[in-house]
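Open the viewer and switch to a cartoon view. This tour moves from one selection to the next.

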Amino acid sequence: MRALPIAVVTAAAALMLTACDSGGADKKDSGGSPATSASSTACAIDRIDFEVGPANTAPAAGDTGNVPVTLTNHGDKCTLEGFPGIEVHDSARGTEVFADKSAKPQKMTLAKDGTASFTITYVRGAAGDAKSLAATSLKISLPGAKDAQRFKWSYGPLAGKTGPDDLNASVSTFQAAGD
């Protein structure tokens, strides 16, 4: 019988343990939020009304702006967990706005007609700048959902860190809103 190096045996054992344990791990969607299972009570986007703004618009290139988004649940009680999926689009492409790294996602239950909010924070880019995205629309999805709703973006171009595919923008987690 041929002896295997200890590193190979250790690596194989680790892979087997990982495979056995993966059933209980959170599955991630493309936005980094825990995916929802079929039995969950995740909020359905077709039962949600969104109000985008009024914004604290960044007046000039290099300034920071905030766009609050309020959502109202018109369906049965449901759950929001993680971050909203946000993309901004120009005429040619869409670019994802990533979660604020300092925010910790919460699990929030919305009653029928309950409200929640989140904020998109962005740095305004210069018109015509190759690093900026001349955004014209905003696409919002809920954690674990494939469907999205589109809204007009009228807050100016978004500055890119290295280009229009790496925006200087972030989205907060869901927060309780209303009374």
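Select β5, β4, β8 and β9. These 4 strands form an open sheet in exactly that order, β5-β4-β8-β9, with antiparallel pairing. The model you are looking at is predicted. Strands of a sheet pair through backbone hydrogen bonds, either parallel or antiparallel.

Which strands sit at the edges of the sheet? Colour residues 94–97, which are β5, and residues 148–152, which are β9. Each of these edge strands pairs on one side only. Now look at the angle between neighbours in this sheet. On average, neighbouring strands are turned by 25° against each other, direction ignored.

Next, keep just β4, residues 85–89, and β8, residues 137–141. How many bridges join β4 to β8? There are 5, and the two strands run antiparallel. Click on Gly85 to see one pairing: its bridge partner in β8 is Ser141.

Now go to the disulfide. A disulfide is a covalent bond between the sulfur atoms of two cysteines. The structure holds 1. Select Cys43 and Cys78, and show their side chains; their sulfur atoms lie 2.0 Å apart. This pair links distant parts of the chain, 35 residues apart. Cys43 is in the loop between α1 (6–21) and β1 (48–52), while Cys78 is in strand β3 (residues 78–81). Turn the view to look along the S-S bond. The angle about that bond is 85°, and the link is right-handed. Are the two cysteines buried or exposed? Both Cys43 and Cys78 are buried.

Move on to Val52, in strand β1. Val52 is partly exposed, because its relative accessible area is 22%, and buried would need under 20%. Show what lies around Val52. Leaving out residues up to four places away in sequence, Val52 touches Val67, Pro68, Val69, Leu138, Ile140, Phe151 and Tyr155. Then pick the C-alpha atoms of Val52 and Phe118. They are 66 residues apart along the chain, yet separated by 9.9 Å.

Finally, zoom out to the whole protein. Count 1 helix and 13 strands. From the N terminus, the helix comes at the start, and the strands follow. Of the 179 residues, 35% are buried. Switch on the surface: the accessible area comes to about 10,600 Å², and 52% of it belongs to carbon and sulfur atoms. One last number concerns contacts between residues at least 6 apart in sequence: 76% of them join residues at least 24 apart.

Notes. Residues are numbered from 1 along each chain as its sequence is written. This is a predicted model: local features need pLDDT of at least 70, side-chain atom pairs count only at pLDDT 80 or more; totals for chains, interfaces and linings use all residues. Side-chain values use heavy atoms; hydrogens and water are left out. Buried means under 20% relative accessible area, exposed over 50%, partly exposed in between (1.4 Å probe, protein chains only). Contact means heavy atoms within 4.5 Å. Accessible areas come from the Shrake-Rupley method with a 1.4 Å probe; for residues, only the protein chains shown count as cover. A disulfide is a pair of cysteine sulfur atoms within 2.5 Å. Two strands pair if DSSP finds at least two bridges between them. Axes are lines fitted to C-alpha atoms, for helices over the stretch in contact, and angles run from 0 to 180 degrees between N-to-C directions.
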